[in-house]
Amino acid sequence: MKYRIKPVTAAVAVALSAFAVQQTQAQTTLGEVVVKTSKIRDAVTPEEIGSAEIAAQHAITRDTASLLRDVPGVHLYGAGGVSSLPVIHGLADDRLRITVDGMDFISSCANHMNPPLSYIDPTNVAKIRVYAGVTPVSVGGDSIGGTIIAESAPPQFAAPGQRSLIKGEIGTFFRSNNNAIGGNLSATLANEFFSINYSGAITTADNYKAGGNFKTTTATGRPGHTLPLDEVGSTAYKSLTHTVGVALRADNHLLEAKLGYQNVPYQFYPNQRMDMLDNEQKRVNVRYLGQYDWGTVDGRVYYEAVDHYMNFSDDKQLVYGTALNGMPMYSRGRTLGFNLKGDIDLTSNDLLRVGMLYQHYTLEDWWPPSGTGAMSPLTFENINDGKRDRIGVFAEWERRFGSQWTTLLGARYEHLETDANNVHGYGNMMGNQIPDTNAFNARGHKRTDDNVDVTALARYTPGDMIDLELGLARKVRTPNLYERYAWSTWSMAAIMNNFVGDGNGYVGNMDLKPEKAYTASLTIDLHAVDREWEVKATPYFTYVNDYVDAIRCSSGPNCTVTNATTGNQFVILQYANQSAHLYGLDLSGRTVLAKTSLGEFGLRGLMNYTRGENKKTGDELYNMMPLNGKVTFTHQYSGWSSAVELVGVARKSSVSSVRNEIHTGSYFLTHLRTSYTWKNMRLDLGVENLFDRLYALPLGGAYTGQGMTMGINGIPYGIAVPGMGRSVYAGLNIKF
């Protein structure tokens, strides 16, 4: 497939780059690139994870999404070792807007094995901002659950008068449970106006072990290969990432370009039928940032190419009889994007934000023939020439009324168009392929959506020890290409289209409407004047019209009476618009307990509750995190920083019956952490799951990590993916 850049988009990109270069060359005074922050206190305050918090987790995880584990209201869907999917208030994956250095990535995989945050290593993340619930339209769009913004470090330059700047960082880590080991390296060479930077990371890990035996079979379907009863199959991975950045600055103008490359030779999945045996991403990201007397301009053009391959890993059966040897599955995604934002200082009390967005995305998803039986003689076209185009504009007005009130009003319009060409299966009668193909091809596939988001926020500060934030929003999301165009009801094909990890099969629905969410939230922030202690509470409520849920597949020979009624096995589902509501409460707080000659002792706490219900059927929504909490006792003395972390999670009894979702039990975990920093060196040591508890991950999905996974019920039903048992970790980081 040839990738064609539309003339209008190309013209805009060239114009933006030319303007940025002209501004850079026109300056004669070189100095720091200073982009002033707003004179107005923001009406909504995102949760921010800074470089210090991120550095403390380098030895604990190489999954960037896991950096969000201490953010109120955020949880993680279990997936591969570096590819967890964030959840905000019960809404996950494509229902969130997730950007990496300003780029909107789309997962190019029927199992969403390559989500946006998997493309940046934690060691390359400088900060992450999380907007939960009510989100300003300036950072939202095509999402209903919230926004996550991950950013790498900005370019660094030599100080005025300094001839050159040379600096870097090197680090390594080890974790005992799954023999995870890795390293990272970054280096910068710069003068006053030019900077070049490289950052890279590599990590590899074996399967991890649970805190005890969680299954009843060691069989994998591979001759001579078995797994111990406590080993979690299909959890090994290897990942390599590289980024090169160059930047020019002049006065208050910055032009930078980043080239990124990632290769994942393998990443196995304990809750998917397939495994990722290769994923390659290449990206180019060009940005202009400028400060003017009237405000700021932030413009970006980016391009991403993803090539993805899936098949069965060693822990899953490869050969079926004499006619089938594996199941190769390929996907190819291409994204061209353009973002332009401007902040305009109208008055000392009024700020106007305006912007536009364009994104062109194409997807090919095909499965070559295998053997001479059911998967032959043709190539199965899962998504053929899929397209998703997105154009958006927004305007947002922020106003300060005196010293106590700040308000924000914003509106965003987005036009989305999805399409896909005709398809065909393997070319035989197996699994209703030909009737399903004919039914899909007989219809027009193009769908057009006009989506409008509206946000109203207010921040009230009645005194030095309290802040109140109230928000109301309407947000809209258009279904992804798999939700609309995955066409086969054949159970073998359907179970390969699943990005929620429940073991079931999914069929698309071309008639899906966009989801429309109406959200209200209130944040009460009580704190000391110097923030030595603080307590935050955020109750929220969201009603979603045309929520994309699932129903039992009811048409075709594969959608049997058993499929429609069974409650103790995996089933075939189809996406359908229904209605739903979600509500909950986030609580968080911290305080200094004592300051003594032995150091400073502190306490941090976090509690989350989320509930979701399908209003049409009365069923529970899938993968809602049960009541959970965390208490952390901290100690700091000189270069030492230590913590004892206690985690508690209630039993998950509110489950989705249409999906036959698995119940999970309650559990308590204990983690120990310590680090020592001196000069330019940092050492981290710790133990995760100190008492080696056996527990099931409430959002980990169904265990499909070993055995005959190609058959919808060829593996045992009812086993939840367990969490990792005891693991000792160590990490060392040196700056130079």
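**Figure 1. Strands β32 and β33 of the predicted model, with Leu646 and its bridge partner.** In this view of a predicted model, Leu646 has Thr670 as its bridge partner in β33. The two strands concerned, β32 and β33 (residues 667-678), run antiparallel and are joined by 10 bridges. When looking along strands such as these, it helps to remember that side chains in a regular strand alternate between the two faces of the sheet.

**Figure 2. The hairpin of β31 and β32.** Strand β31 (residues 628-637) runs antiparallel to strand β32 (residues 640-649), and 10 bridges join the two. Within this pairing, Lys630 stands opposite Val647 in β32. Two residues lie between the strands of the hairpin, and Ser638 has a positive phi there, near 55°.

**Figure 3. The open sheet of five strands.** The strands of this open sheet follow the order β1-β7-β8-β5-β6, and their pairing is mixed. At the edges are β1 (47-49) and β6 (103-104), each of which pairs on one side only. Elsewhere in the sheet, strand β5 (residues 97-100) and strand β8 (residues 146-151) pair in the parallel sense, over four bridges, and Arg97 can be found opposite Thr147 in β8.

**Figure 4. The surroundings of Arg249 in strand β14.** Arg249 belongs to strand β14, which covers residues 237-250. Because its relative accessibility is 2%, and buried means under 20%, Arg249 counts as buried. The side chain of Arg249 reaches two backbone oxygens, that of Ala158 at 3.2 Å and that of Glu192 at 2.4 Å. Although Arg249 and Phe193 are 56 residues apart along the chain, their C-alpha atoms are separated by 5.0 Å, so that a view centred on Arg249 can also take in Phe193.

**Figure 5. The second largest pocket and its lining.** The second largest pocket holds about 1,400 Å³ of space. It is lined by 45 residues, of which Glu53, Asp70, Arg590, Arg604 and Thr634 are the closest to its centre. Strand β30 (residues 599-614) gives the most to this lining, contributing seven residues. By residue type, the lining of the second largest pocket divides into 14 nonpolar, 16 polar and 15 charged residues.

Conventions. Residues are numbered from 1 along each chain as its sequence is written. This is a predicted model: local features need pLDDT of at least 70, side-chain atom pairs count only at pLDDT 80 or more; totals for chains, interfaces and linings use all residues. Side-chain values use heavy atoms; hydrogens and water are left out. Two strands pair if DSSP finds at least two bridges between them. Buried means under 20% relative accessible area, exposed over 50%, partly exposed in between (1.4 Å probe, protein chains only). A polar contact is a pair of N or O atoms within 3.5 Å; within protein, one must be able to donate a hydrogen and the other to accept it, and residues adjacent in sequence count only if both atoms are side-chain atoms. On a 1 Å grid over the protein atoms alone, a cavity is a set of points where a 1.4 Å probe fits but cannot get out, and a pocket is an open set with protein on both sides within 12 Å along at least five of seven lines; lining residues have an atom within 4 Å of a point. Grid points are joined across faces, edges and corners, and a volume is the space filled by probe spheres set on the points. Ala, Val, Leu, Ile, Met, Phe, Trp, Tyr, Cys and Pro count as nonpolar, Asp, Glu, Lys and Arg as charged, and the others, Gly among them, as polar.
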